[in-house]
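Student: Please take me slowly through one part of this structure, and explain each term with its cut-offs as you go.

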Amino acid sequence: ATVTWGSASFNPGIFGLNVGGASTHALTFVNPIDLGGEQRYIRVDGGGSGAERGAIVIMEGDLFNGSIVKRGGGLLVFDTPKTYENGTIINQGTLW
């Protein structure tokens, strides 16, 4: 089922995945996410240094209706093309 960012059931300021200074986990998010027409922040691993870290998040579901800013030193993987149209900013880490 689609998760709508900004709804009563899903409204994080920054969507933190695998947040933790020494995180080395892999997480797969399977639901499509409606970004609610806004620029949204996705943070993989909580480190603010921007250094590469072992945390990996795989986004299987679509991201649509907005834009994203990738934060944190971990790796964010889009395993399929996403349909959001308003751009991507990578502040830290890697988008693959």
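Tutor: Let us start from Arg40, which touches Trp5, Gly6, Leu35, Ser67, Ile68 and Val69 when residues up to four places away in sequence are left out; a contact here means heavy atoms within 4.5 Å. Before going on, note that this is a predicted model, in which local features need pLDDT of at least 70 and side-chain atom pairs count only at pLDDT 80 or more, while totals for chains, interfaces and linings use all residues. Residues are numbered from 1 along each chain as its sequence is written, and side-chain values use heavy atoms, with hydrogens and water left out.

Arg40 lies in strand β4, residues 33-44, where a strand is a DSSP run of E with at least two residues, numbered from the N terminus. Arg40 is buried and yet has no salt bridge, since the nearest side chain of opposite charge, that of Glu38, is 5.4 Å away. Buried means under 20% relative accessible area, with exposed over 50% and partly exposed in between, using a 1.4 Å probe and protein chains only. A salt bridge needs a side-chain nitrogen of Lys or Arg within 4 Å of a carboxyl oxygen of Asp or Glu; Lys and Arg count as positive and Asp and Glu as negative, whereas His and the chain ends are not counted.

Trp5, one of the residues that Arg40 touches, leads us to the aromatic rings. A search of the whole structure finds five aromatic pairs, a pair being rings of Phe, Tyr or Trp (its six-membered ring) with centres within 6.5 Å, and planes under 30 degrees apart counting as stacked, over 60 as edge-to-face and the rest as tilted. Trp5 and Phe15 form an edge-to-face pair, 5.7 Å centre to centre with 80° between the planes. Because Trp5 lies in the loop between β1 (3-4) and β2 (14-17), and Phe15 in strand β2, this pair ties together parts that are ten residues apart in sequence. Both Trp5 and Phe15 are buried, and for Phe15 the relative accessible area is 9%.

Phe15 also pairs edge-to-face with Phe29, at 5.5 Å centre to centre and 80° between the planes. That pair links distant parts of the chain, with Phe15 in strand β2 and Phe29 in strand β3 (residues 26-29), 14 residues apart. Phe29 is buried as well, with a relative accessible area of 16%. Taken together, ring pairs link Trp5, Phe10, Phe15 and Phe29 into a cluster.

Technical notes. Helices (H or I, at least four residues) and strands (E, at least two) are DSSP runs, numbered from the N terminus.
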